[in-house]
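I opened the model to look up its burial, its overall form and its core, and I kept these entries in the order in which I worked.

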Amino acid sequence: MLDYSYKEDSKELHIMMPIILNSQNRDEIDESISDTLKEATDDWNTLIVDFSNTTLVDSVGLNLIVSLYKKSKYQNYTIKALIKNRAILSALKVTNLDKY
């Protein structure tokens, strides 16, 4: 299970992503995110996906990010990403995922 927190005043659900997001842990992370979204109160409207500690995201990890974005549109919430690693930010820019 991923660490998460809820900020009632801003209605934000904050999920901490793992250090590595790749093909070896994608299914586990996807399931953990789904479980977290189910567990969380229905009172939030913004999902903060925190990649602050993440050092590696491969193409499968990028696919997970796309999946999260699609879920956010379907379930009507805003998704924001916190990224400190320039390599991850560059990967998002090269694939145009930073536009979402």
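I began with burial and noted that 38% of the 100 residues in the protein are buried, where buried means under 20% relative accessible area with a 1.4 Å probe and protein chains only as cover. The model is predicted, so to speak of local features I need pLDDT of at least 70, and side-chain atom pairs count only at pLDDT 80 or more, while totals for chains, interfaces and linings use all residues. Residues are numbered from 1 along each chain as its sequence is written, and side-chain values use heavy atoms, with hydrogens and water left out.

Next I looked up the secondary structure, which comes to 3 helices and 6 strands, taken as DSSP runs (H or I of at least four residues for helices, E of at least two for strands, numbered from the N terminus). Along the sequence I read the pattern β-β-β-α-β-β-α-β-α.

I then turned to the largest nonpolar core, a set of buried Ala, Val, Leu, Ile, Met, Phe, Trp, Tyr and Cys residues joined through side-chain atoms within 4.5 Å. This core has 22 residues, and M17, L21, I29, I33, L37, W44 and L47 touch the most other members. Two or more residues each come from strand 2 (12-16), helix 1 (26-39), strand 4 (46-50), helix 2 (59-75) and helix 3 (86-94), with helix 2 giving the largest share, 4 residues.

Finally I followed L21, which, leaving aside neighbours within four places in sequence, is in contact with I29, F51, L56, V57, D58, G61 and L64, contact being heavy atoms within 4.5 Å.

Methods: Buried means under 20% relative accessible area, exposed over 50%, partly exposed in between (1.4 Å probe, protein chains only).
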